[in-house]
Amino acid sequence: MASHRETAPRNHAPAHLPTAAPTIGFDLDMTLIDSRPGIHAAYVALAEETGTWIDADLAVTRLGPPLEQELAHWFPDDRIQAMGDRYREIYPAYAIEPTLALPGAHEAVAAVREAGGRAVVVTAKHEPNAKLHLAHLGIEPDAVIGWLWAEGKAEALREHGASVYVGDHIGDVRGAHTAGALSVAVPTGPCSADELRAAGADVVIGDLTEFPAWLSEYAAG
């Protein structure tokens with residue numbers, strides 16, 4: 001695959017400049033893992049249990065935002081919280097086994113370790129379920145932080161001193177910039193490369209198979 005790497009102009013300085021041992025943040029769904037088959041199965045199970053129509057095919061095309069935003073398309077406001085709780089309860093039984101690592105995911109985390117750095121996963125997903133996915137796939141970051149979306153991800157990125165955040169959604173771009181981190185984007189989720197660039201991604205790569213080479217250049221300054 002030809003490289004899609006691009007660097008966008010910046011009008012803000014990163015809080016953390018390149019070092020020989022960087023801390024790199026990663027999003028989870030559609031960045032490290034292809035969770036669409038598992039999430040689809042969980043939505044189908046929830047629909048069958050509740051008798052409520054959920055278009056699971058459509059739902060998995062817009063992964064990224066918090067679960068409650070998707071459930072609002074299918075349930076009245078006064079049921080969203082309960083349905084979110086129930087979805088998270090049944091999720092492990094339906095969603096963990098079918099989910100696969102995206103190409104380059106293991107190698108990307110390994111590259112951070114080989115550079116002497118730390119890899120942290122910051123996701124909007126329910127943290128216990130995020131950890132189940134990573135354990136099942138043998139991806140071992142140094143920390144996993146859940147329940148954070150878009151600008152809210154900056155809280156964890158700052159806490160862990162991340163100089164880079166890698167994600168597939170324009171919300172991930174906003175989270176990186178809010179934290180003063182470099183936004184590295186992959187168009188492996190619902191947002192195209194053009195959408196990610198337009199949102200201000202500093203670097204766009206084709207997928208995580210390109211990440212180790214990029215990280216090597218970044219760590220070298």
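**Entry 1: Met30**

I began with Met30, which is buried, with a relative accessible area of 3%. I note here that the model is a predicted one. I then looked up where Met30 sits, and found it in the loop between β2 and β3 (33–34). Its backbone caught my attention: phi of Met30 is near 65°, a positive value in a residue other than glycine.

**Entry 2: Ala150**

I looked up another residue with a positive phi. Ala150 has a phi of about 50°, although it is not a glycine. Is Ala150 buried or exposed? Its relative accessibility is 1%, and buried means under 20%, so Ala150 counts as buried. I located Ala150 in the loop between β6 (143–145) and α7 (153–159).

**Entry 3: The nonpolar cores**

I turned next to the nonpolar cores. In soluble globular proteins, nonpolar side chains tend to be buried together. In this model, the largest nonpolar core has 29 residues. Which residues have the most contacts inside this core? I recorded Phe26, Leu32, Leu208, Phe211 and Trp214. At least two residues of the core come from each of β2 (23–26), α5 (105–114), β5 (118–122), α6 (127–137), β7, β8 and α10 (211–219). Helix α5 gives the largest share, 5 residues. I also found a second, separate core of 23 residues, which includes Met30, Ile39, Leu46 and Leu67. Met30, the residue of my opening entry, thus returns here as a member of that second core.

**Entry 4: Strand β8 and its partners**

I followed strand β8 (residues 182–185) and examined both of its faces. Leu182 and Val184 lie on one side, Ser183 and Ala185 on the other, and all are buried. With strand β7 (residues 164–167), β8 pairs in the parallel sense over 4 bridges. Within this pairing I noted that Val164 stands opposite Leu182 in β8. The chain passes from β7 through helix α8 (residues 170–178) to β8, and I recorded this β-α-β crossover as right-handed.

I then looked for a pairing with strand β9 (residues 203–204). β8 and β9 also pair in the parallel sense, over 2 bridges. The bridge partner of Val184 in β9 is Val203. The unit made by β8, helix α9 (residues 193–198) and β9 is a right-handed β-α-β unit as well.

**Entry 5: The cavity**

How many cavities of 30 Å³ or more are there? I found a count of 1. The largest cavity holds about 30 Å³ of space. Among the residues that line it are Tyr165, Asp168, His169, Asp172, Ser183, Val184 and Leu196. The elements giving two or more residues to this lining are β7, α8 and β8. I divided the lining residues into 7 nonpolar, 3 polar and 2 charged. Val184 therefore has several entries in my notes: it is buried in β8, is paired with Val203, and lines the cavity.

**Entry 6: The largest pocket**

I closed with the largest pocket, in which about 350 Å³ of space lies. It is lined by 22 residues, and the closest to its centre are Leu63, Gly64, Pro65, Pro66 and Leu67. Which elements give two or more residues to this lining? I recorded α1 (36–50), α3 (67–71) and α4 (77–95). By kind, the lining residues are 10 nonpolar, 6 polar and 6 charged. Leu67 is one of the residues closest to the pocket centre, and I had already listed Leu67 in the second core.

Conventions: Residues are numbered from 1 along each chain as its sequence is written. This is a predicted model: local features need pLDDT of at least 70, side-chain atom pairs count only at pLDDT 80 or more; totals for chains, interfaces and linings use all residues. Side-chain values use heavy atoms; hydrogens and water are left out. On a 1 Å grid over the protein atoms alone, a cavity is a set of points where a 1.4 Å probe fits but cannot get out, and a pocket is an open set with protein on both sides within 12 Å along at least five of seven lines; lining residues have an atom within 4 Å of a point. Grid points are joined across faces, edges and corners, and a volume is the space filled by probe spheres set on the points. Ala, Val, Leu, Ile, Met, Phe, Trp, Tyr, Cys and Pro count as nonpolar, Asp, Glu, Lys and Arg as charged, and the others, Gly among them, as polar. Buried means under 20% relative accessible area, exposed over 50%, partly exposed in between (1.4 Å probe, protein chains only). Two strands pair if DSSP finds at least two bridges between them. A crossover is right-handed if, with the strands pointing away from the viewer, the path from the first strand over the helix to the second runs clockwise. A nonpolar core is a set of buried Ala, Val, Leu, Ile, Met, Phe, Trp, Tyr and Cys residues joined through side-chain atoms within 4.5 Å.
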